[in-house]
Amino acid sequence: MTDTTRTGICAGRVVVVTGAGRGLGRAHALAFAAEGAKVVVNDLGAGLDGAGASAGPARDVAEEIVAAGGVAVAHGADVATAEGAASLVTTAVETFGRLDTLVNNAGFLRDRMLVNLEEDDWDAVVRVHLKGHFLPLQYAARYWRAEAKADREVAARVVNTSSGAGLLGSVGQGNYAAAKAGIVGLTLVAAEEMGRHGVLVNAIAPAARTRMTERTFAATMAAPDEGDAFDAMAPENVSPLVVWLGSAASAGVTGRVFEAEGGRITVMEGWRPGPSADKGARWTPSEAGEAASKLVAESATPGEVYGARGGV
């Protein structure tokens, strides 16, 4: 790992990346290792729909990091279980002596229109994305809180993975969009609660070519023809921002959501008050409807605010 473009921005840090066996997670794990971090590579090795399990993807990425001169260990537990999430933190601490950064990335899809969406498909997708963020975050937070209470310096970072679907919605992805929107809410709460312990919490809404997007957004995510200068949808384009957010250099940045796509980074500004009307008394339904219609006409649509972009 002697590339002169590397800065060692994460030298000495211990980083956990969930869902790191393929796609964005793999890119993040490799990028952190290239910048000097010791990496716990987590992946259950499930299929695109969450079925099955294999130790291969996590092991392969860990071996790839080691072969390139980095330091990594594989972890194959299900982080949407308390046992798996606890062991994730324990693996980092027992193997490398500490934990500095958690990148929550694990997930899969079971896309259906709402009228056809089975309860099991709802539960499975919300579980892996939302619970799979909550539990690692909780166990990492407990570790960092204990460190802070023991008067040990904590400069911890959490990077969660939301999506354009969570910010704008996405037809056929009600379960996924709801989970990804929940991750934004979780990020905001965690940033407020954990800052006192030296923990900064942010989220990304990436757009990149992964197993999940190359089918859903096939045309947009297609790799460029050979010889083109820049593969805008390569997952590796997202990782530099994630590495910076996971480093000590991101001090002071917390509770933020960043869109990352190709060479563009955007701070997403979220829900904020728009046009308003105040009668000073209770509305009748007709009055409320007339006022609401007028306010909608005066307001920007979500697509105008965020831009209609696909995401992971």
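Contact here means heavy atoms within 4.5 Å. The model is predicted, so to speak of local features you need pLDDT of at least 70, and side-chain atom pairs count only at pLDDT 80 or more, while totals for chains, interfaces and linings use all residues. Residues are numbered from 1 along each chain as its sequence is written, and side-chain values use heavy atoms, with hydrogens and water left out.

**Exercise 1. Place Ala 234 and find what Ala 234 is in contact with, leaving aside its neighbours within four places in sequence.**

Step 1: go to the loop between helix 8 (218-221) and helix 9. Helices (H or I, at least four residues) and strands (E, at least two) are DSSP runs, numbered from the N terminus.

Step 2: check the burial. Ala 234 has a relative accessible area of 11%, so call it buried. The scale runs like this: buried is under 20% relative accessible area, exposed is over 50%, and partly exposed is in between (1.4 Å probe, protein chains only).

Step 3: list the partners. Ala 234 is in contact with Ala 208 and Arg 209, once neighbours within four places are set aside.

Step 4: look along the chain. Gly 262 is 28 residues from Ala 234 in sequence, and their C-alpha atoms are 7.3 Å apart.

**Exercise 2. Get an overview of the protein: how many helices and strands are there, and what share of the residues is buried?**

Step 1: count the elements. You should get eleven helices and eight strands.

Step 2: take the burial total. Of the 312 residues, 44% count as buried.

Step 3: sort the contacts. Take those between residues at least 6 apart in sequence, and 71% of them join residues at least 24 apart.

**Exercise 3. Work out which residues touch the most other members of the largest nonpolar core.**

Step 1: fix the term. A nonpolar core is a set of buried Ala, Val, Leu, Ile, Met, Phe, Trp, Tyr and Cys residues joined through side-chain atoms within 4.5 Å.

Step 2: rank the members. The core has 29 residues, and Val 17, Ala 29, Phe 32, Val 39, Val 41 and Ile 65 touch the most others.

Step 3: trace the suppliers. At least two residues each come from strand 1 (14-17), helix 1 (23-34), strand 2 (38-42), helix 2 (56-67), helix 9 (239-245) and strand 7. Helix 1 gives the most, with five residues.

Step 4: zoom in on Phe 32. Beyond four places in sequence, its contacts include Val 15, Val 17, Val 39, Val 103 and Val 242.

Step 5: don't miss the second, separate core. That one has 25 residues, including Ala 92, Ala 106, Ala 156 and Leu 186.

**Exercise 4. Describe helix 6: what is its reach from first C-alpha to last, and which elements do its buried residues pack against?**

Step 1: span it. Helix 6 (residues 174-194) has 21 residues and reaches 30 Å, close to the 30 Å expected at 1.5 Å a residue. The expected span is 1.5 Å times one less than the number of residues.

Step 2: pick out the buried residues. Among them are Tyr 176, Lys 180, Ile 183, Leu 186 and Thr 187.

Step 3: find what they meet. They pack against helix 4 (119-149), strand 5 (156-161), helix 5 (164-168), strand 6 (199-207) and strand 7 (257-261).

**Exercise 5. Compare the salt bridges of Arg 98 and Arg 152: what are their N to O distances?**

Step 1: recall the rule. A salt bridge is a side-chain nitrogen of Lys or Arg within 4 Å of a carboxyl oxygen of Asp or Glu. By that rule there are nine.

Step 2: read the first pair. Arg 98 meets Asp 100 at 2.6 Å, N to O. Arg 98 is partly exposed at 37% relative accessibility, while Asp 100 is buried at 4%.

Step 3: read the second pair. Arg 152 meets Glu 147 at 3.0 Å, N to O. Arg 152 is partly exposed at 45%, and Glu 147 is buried at 16%.

**Exercise 6. Decide whether Tyr 143 is buried or exposed, and name what Tyr 143 touches.**

Step 1: locate Tyr 143 in helix 4.

Step 2: apply the scale. Tyr 143 has 16% relative accessibility and counts as buried.

Step 3: list its touches. Not counting residues up to four places away, Tyr 143 touches Val 89, Val 93, Gly 97, Arg 98 and Leu 99.
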